[in-house]
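Please open the structure in your viewer and keep the selection tool at hand. The stops below are meant to be taken in order, each with something to select and something to look for.

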Amino acid sequence: MATAGFKSSPFTDRNLESFTTTDHSSSTSTPTTNTASLPLSFPPFLRTGQVWDAAEFADEARFVVNLTVEDKQELDGALEAFKSLRLDGNLVNRKSFPLHQLGRTLDVIADDVHNGKGFCVLRGLEPDRYRLEDGMIVFLGIQSYIAERRMRQDEVGNMLVHVTADPNNEHLSKHVRYSMDSIPFHTDPDADVLGFQTRGVAVSGGKFVLASGHNIYNELACTRPDVISTLASPDWPFALPYFYQRPILFHHDDRVIFCFTRLALEGNDFYPRPTSIPSITPRQKEALDIMNSIAEKSRLEIRLQPGDIHFVNNLALLHRRDEFVDDNEHKRHLVRMHLRNEKLGWDIPDELKKFWDEALDEERDESWHIEPMPESFFPLKLGSH
């Protein structure tokens, strides 16, 4: 059998009506006690599919799609069809990885990620069902139905990022990607949608945690509209990948968008903040802390399983991970992709377009490492995480 290479329960009968929503417009009809401090054009309240709290998802059936035997057979057939073309693995797409019934399900999920609640977990692929390379092709094949554009995650063109701890390397373990520490709520830079393949889970901890940015917005609009003004101010001093200033909250094309990491604003042991550039102000730190506190109150914890594939709207939802512990048999390992769907994707604010354009530039080199690589092969650029 040919092997393609790479360049350097729920939802029974696919009844997904309760799973998706297409109401993504911002409403200004719901009352708030004080709109005087809201930035011009920002709505006093949002009614979008991405407004939720964890209590709405006590039943995993609301966000987990369990693949059926027929789904997995269809994936096996699509994998064989792709391999028969003898293409490089990074060329997998909807045409070369044909899915019919499952493809229709994935189209519904794609709409839900962009216009509904903003996330989904696909479950049921056994971790040992495929060889490593074939499993990556299946991940890319599924991903191509959710968001077909793949984005570079650093300046050397790494398309896959392996989020896994390296406690044996004292220097590297200080990097958020390779540490076992918890990290605060944030969004990733330069991505509409995040795609993850779960290869392994920790012996304890390490839950993937989500919060609705739009729920946070609504609480702030009702109780602290001045914080929204602070978040939307253009003077946030980002230090990564270089010093520049912009907002971290946008109201653009009738969408409310979050884009920030505290690492780029505050630094850490791995990325000490240069003393030659301004630090965030007490007012800005308060805004970050309040936003994180609201996110923690409504956090949704997702206990991932080996083989899971999940997708997250990176413009409307915030995410984080809990502290975790690995052992010799259980090691947390996620493979992350940055993605965009050209049909369903949100219009990007002008302040962010440069970064999106660079990540999507098809003329730039791509690097595909389906296994974690030494630091020399996977440079830890300024701003990577």
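This tour goes through a pair of helices, several salt bridges and two backbone positions in what is a predicted model.

**First stop: helices α1 and α3**

Select residues 69–84, which make up helix α1, and then add residues 132–146, which make up α3. Looking at the two together, you will find that their axes come within 10 Å and cross at roughly 105 degrees; because angles of 65 to 115 degrees count as roughly perpendicular, α1 and α3 are described as roughly perpendicular to each other. To see what joins them, show the side chains of L75, L79, F82 and K83 on α1 together with D134, I137, V138 and I142 on α3, since these residues make the contact. How many of the contact residues are nonpolar, and how many are charged? The contact of α1 with α3 divides into 6 nonpolar and 2 charged residues, with no polar ones.

**Second stop: K72 and E126**

Stay with helix α1 and select K72, which lies in this helix, and then select E126, found in the loop between β2 (119–123) and α3. These two residues form a salt bridge in which the closest N and O atoms are 3.1 Å apart, and because of where they sit, the pair ties together parts that are 54 residues apart in sequence. Are the two partners buried or exposed? K72 is buried, with a relative accessible area of 12%, whereas E126, at 32%, counts as partly exposed.

**Third stop: R86**

Move next to R86, in the loop between α1 and α2 (101–115), and look at its backbone, where phi is near 55 degrees, a positive value in a residue other than glycine. R86 is exposed, with a relative accessible area of 66%.

**Fourth stop: D190**

Now select D190, which is placed in the loop between β5 (183–186) and β6 (193–200). Phi of D190 is near 60 degrees, again a positive value in a residue other than glycine, but D190 is buried, its relative accessible area being 16%.

**Fifth stop: salt bridges inside helices**

Select residues 262–266, the stretch of helix α6, and show the side chains of R262 and E266, which meet in a salt bridge with an N to O distance of 3.1 Å. The partners are 4 residues apart in α6, so about one helical turn separates them. R262 is buried at 11% relative accessible area, while E266, at 30%, counts as partly exposed.

Go on to helix α8, residues 350–360, where D350 and K353 lie 3 residues apart, about one turn of the helix. Their side chains also meet in a salt bridge, here with an N to O distance of 3.6 Å. D350 counts as exposed at 58% relative accessibility, and K353 as partly exposed at 33%.

**Last stop: a network**

Finally, select K207, E296, R299, E301, R320 and D322 together, and show their side chains. What links these residues? They are linked in a network of salt bridges. If you would like to go on looking for such pairs by yourself, a search of the whole structure finds 32 salt bridges, and the pairs visited above, including K72 with E126, can serve as a starting point.

Conventions. Residues numbered from 1 in each chain as written. Predicted model: local features only at pLDDT ≥ 70, side-chain atom pairs only at ≥ 80, totals over all residues. Heavy atoms only, no water. Salt bridge = Lys/Arg side-chain N within 4 Å of Asp/Glu carboxyl O. Buried < 20%, exposed > 50% of the residue type's maximum accessible area, 1.4 Å probe, protein only. Axes fitted to C-alpha atoms, helices over the stretch in contact; angles between N-to-C directions. Parallel < 35°, antiparallel > 145°, perpendicular 65-115°, else oblique. Contact = heavy atoms within 4.5 Å. Nonpolar A, V, L, I, M, F, W, Y, C, P; charged D, E, K, R; others polar.
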